[in-house]
Amino acid sequence: MTTTVGFIGAGMIGGTVARLSVAAGHHVVLSNSRGPRTLTDLVAELGPLASAGTTEQAAEAGDIVVVSIPLKAYRSVPAGPLAGKVVIDTNNYYPERDGHVAELDDGSLTSSGLLQRHLQDAHVVKVFNNIFFRHLASLARPHGAADRSALPIAGDDEQAKATVTEFLDSIGYDAVDTGRLAESWRHEPGSPAYGPPYGSFADHAGTPADAAKIRAALAEAER
């Protein structure tokens, strides 16, 4: 599978996913809130498979689009160009950064559910939110590797999850299906699956976490 991946946000997680994508042979179109010119260095680092554009251009270009911006900015994601597309949501809700959102505080909605409501015609799949960006970079392994790690995914559209699973496989990860977006709290901040399975943040190499380890951590989640 070779595809074009659009990026709305190219920070630590977004930039890391872009690097893994290019390494796997995918084209990437990067964008951020500050404009394409601020991405010149990253594009140069990534090479000929990478380009930069506006948020709208990245949304239009991507067969898959990765949204990796602070949750408080979710309304800035352009809904029109994303209609019908698979949207990967890497975001987490941090009230100290994002301000309090009543529906998230009372658990009636998840952060990815909030983005899905904004992008009514897109197919949102939550992934990459539970892993330290340095571990994401260091733990990628080829298909079939004995020490391959897995990432939890959640989404309301089965075909979208299948597409994301295939994409994850191409960049070095297995997938563990958590269920619908309403279940994505199981790998949000504070849950057993958030961070620890992949090792200490102080160890940039990380510790491989296979599908069984991730399933066990998800099963321990409580609200």
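1. Phe132, Phe133 and Phe201 come together as one aromatic cluster in this model, which is a predicted one. Searching the whole structure gives 2 aromatic pairs. One of them is the edge-to-face pair of Phe132 and Phe133, with 5.2 Å from centre to centre and 75 degrees between the ring planes.

2. Phe132 also pairs with Phe201, and here the ring centres are 4.4 Å apart with the planes at 10 degrees, so this pair is stacked. The contact links distant parts of the chain, since Phe132 sits in the loop between strand E6 (123–126) and helix H7 (133–138), while Phe201 sits in the loop between strand E8 (174–179) and helix H9 (211–219), 69 residues apart.

3. As for solvent accessibility within the cluster, Phe132 counts as buried because its relative accessibility is 16%, under the 20% cut-off for that class. Phe133 is likewise buried, at 18%, whereas Phe201, at 45%, counts as partly exposed.

4. Turning to charged side chains, the structure contains 11 salt bridges. In one of them, Arg117 and Glu103 meet at 2.8 Å, N to O. Arg117 belongs to helix H6 (residues 111–118) and Glu103 to helix H5 (residues 102–105), so their pairing ties together parts that lie 14 residues apart in sequence. Arg117 is partly exposed at 43% relative accessibility, and Glu103 is partly exposed with a relative accessible area of 29%.

5. A further salt bridge joins the side chains of Asp174 and Arg148, at 2.7 Å, N to O. This pair, too, links distant parts of the chain, with Asp174 in strand E8 and Arg148 in the loop between H7 and strand E7 (150–155), 26 residues apart. The two partners fall into separate accessibility classes, because Arg148 is buried, with a relative accessible area of 4%, while Asp174 is partly exposed at 30%.

6. Lys161 and Glu158 form another salt bridge, in which the N to O distance is 3.4 Å. Both residues lie in helix H8 (residues 158–171), and because they are 3 residues apart there, about one helical turn separates them. Lys161 is buried, with a relative accessible area of 3%, whereas Glu158 counts as exposed at 54%.

7. One last point concerns shared partners: salt bridges with partners in common join Arg148, Asp169 and Asp174 into one network, and the bridge between Asp174 and Arg148 has already been described above.

Conventions. Residues are numbered from 1 along each chain as its sequence is written. This is a predicted model: local features need pLDDT of at least 70, side-chain atom pairs count only at pLDDT 80 or more; totals for chains, interfaces and linings use all residues. Side-chain values use heavy atoms; hydrogens and water are left out. Rings of Phe, Tyr and Trp (its six-membered ring) pair if their centres lie within 6.5 Å; planes under 30 degrees apart count as stacked, over 60 as edge-to-face and the rest as tilted. Buried means under 20% relative accessible area, exposed over 50%, partly exposed in between (1.4 Å probe, protein chains only). Helices (H or I, at least four residues) and strands (E, at least two) are DSSP runs, numbered from the N terminus. A salt bridge is a side-chain nitrogen of Lys or Arg within 4 Å of a carboxyl oxygen of Asp or Glu.
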